[in-house]
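Work through the following exercises with the sequence and the model open side by side. Each task is followed by a solution that proceeds step by step.

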Amino acid sequence: MAKLTKNQRLAAEKIEAGKVYTIAEASALVKEITTTKFDASVDIDVRLGVDPRKANQMVRGVVSLPNGTGKVVRVLALCTADQEAAAKEAGADYVGLDEYIEKIKGGWTDIDVIITMPQIMGKIGALGRILGPRGLMPNPKSGTVTMDVAKAVKEVKQGKIDFKVDKFGILHTSIGKVSFTADQIAENAREFIDTVIKLKPAVAKGEYIKSIYLSSTMSQGIKVDPKSF
């Protein structure tokens, strides 16, 4: 077993064994136990009582975090010429169409989100093998295929994220940075969990939210009481 560093040991001592924290307590504690020199991300992991192998129990959605993600999100807008100016004004880092499709075919994926229009999806379909594994393929369900490209760009830049339950029934996403205040972290967490609750599949029986953990990039997980939401 790897030996803990002094900072890791001190951080571990701040987490009470067996204790379940409120989201307010966990948001303050995650800041205390993070010792990285960089501004670590704050992550939330939610285990759901669903079977994602069944289509009617898939949990997927989008949420606009009230305090943003704290991350610089690089956005590519693949749109028609009449939407380019609005996309640029909304904050898109790259705007265009055919030239960027060719760049992606050549292996360029130095972006975080691609936003496009329904009529352009035919051209983008051929990029599936490149974009799919990287989670970059635009999807109407996540709001990245839309007729209002500028609005979608603005929302992503302001902290809109999409999430999807994995094959183990777990949702994992970043909801902020350690540099956020505890209140900002808690507010983002509440907005995320509220959205997840609204997405509960009608066929899901029994306990829906089984567990919630809050952590930073290199910290221990802090167990959070679902009732505190």
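**Exercise 1.** Decide whether Ser216 is buried or exposed in this predicted model, and describe its surroundings.

*Solution.* Begin with the relative accessibility of Ser216, which is 3%; because a residue counts as buried under 20%, Ser216 is classed as buried. Next, place the residue in the fold: Ser216 belongs to strand 8, which spans residues 209-216. Then list the residues in contact with Ser216, leaving out those up to four places away in sequence, and you find Val30, Thr34, Ala40, Ser41, Val42 and Val178. Finally, look at the side chains, where Ser216 and Thr34 make a polar contact at 2.7 Å.

**Exercise 2.** Determine in which order the four strands of the open sheet are arranged, and which strands stand at its edges.

*Solution.* Tracing the neighbours across the sheet gives the order 7-1-8-9, with antiparallel pairing. Strand 7 (170-177) and strand 9 (222-224) each have a single partner strand, so both stand at the edges with one side lacking a neighbour in the sheet. On average, neighbouring strands are turned by 25° against each other, direction ignored. For the pairing of strand 7 with strand 1 (residues 41-48), count seven bridges in the antiparallel sense; Arg47, for instance, has Ile170 in strand 7 as its bridge partner.

**Exercise 3.** Identify which strands helix 2 and helix 8 lie across.

*Solution.* Take helix 2 (residues 23-32) to begin with: it lies across strand 1, strand 8 and strand 9, and runs at about 25° to strand 8. Helix 8 (residues 182-198), in turn, lies across strand 1, strand 7 and strand 8, and runs at about 150° to strand 7.

How values were computed
Residues are numbered from 1 along each chain as its sequence is written. This is a predicted model: local features need pLDDT of at least 70, side-chain atom pairs count only at pLDDT 80 or more; totals for chains, interfaces and linings use all residues. Side-chain values use heavy atoms; hydrogens and water are left out. Helices (H or I, at least four residues) and strands (E, at least two) are DSSP runs, numbered from the N terminus. Buried means under 20% relative accessible area, exposed over 50%, partly exposed in between (1.4 Å probe, protein chains only). A polar contact is a pair of N or O atoms within 3.5 Å; within protein, one must be able to donate a hydrogen and the other to accept it, and residues adjacent in sequence count only if both atoms are side-chain atoms. Contact means heavy atoms within 4.5 Å. Two strands pair if DSSP finds at least two bridges between them. Axes are lines fitted to C-alpha atoms, for helices over the stretch in contact, and angles run from 0 to 180 degrees between N-to-C directions.
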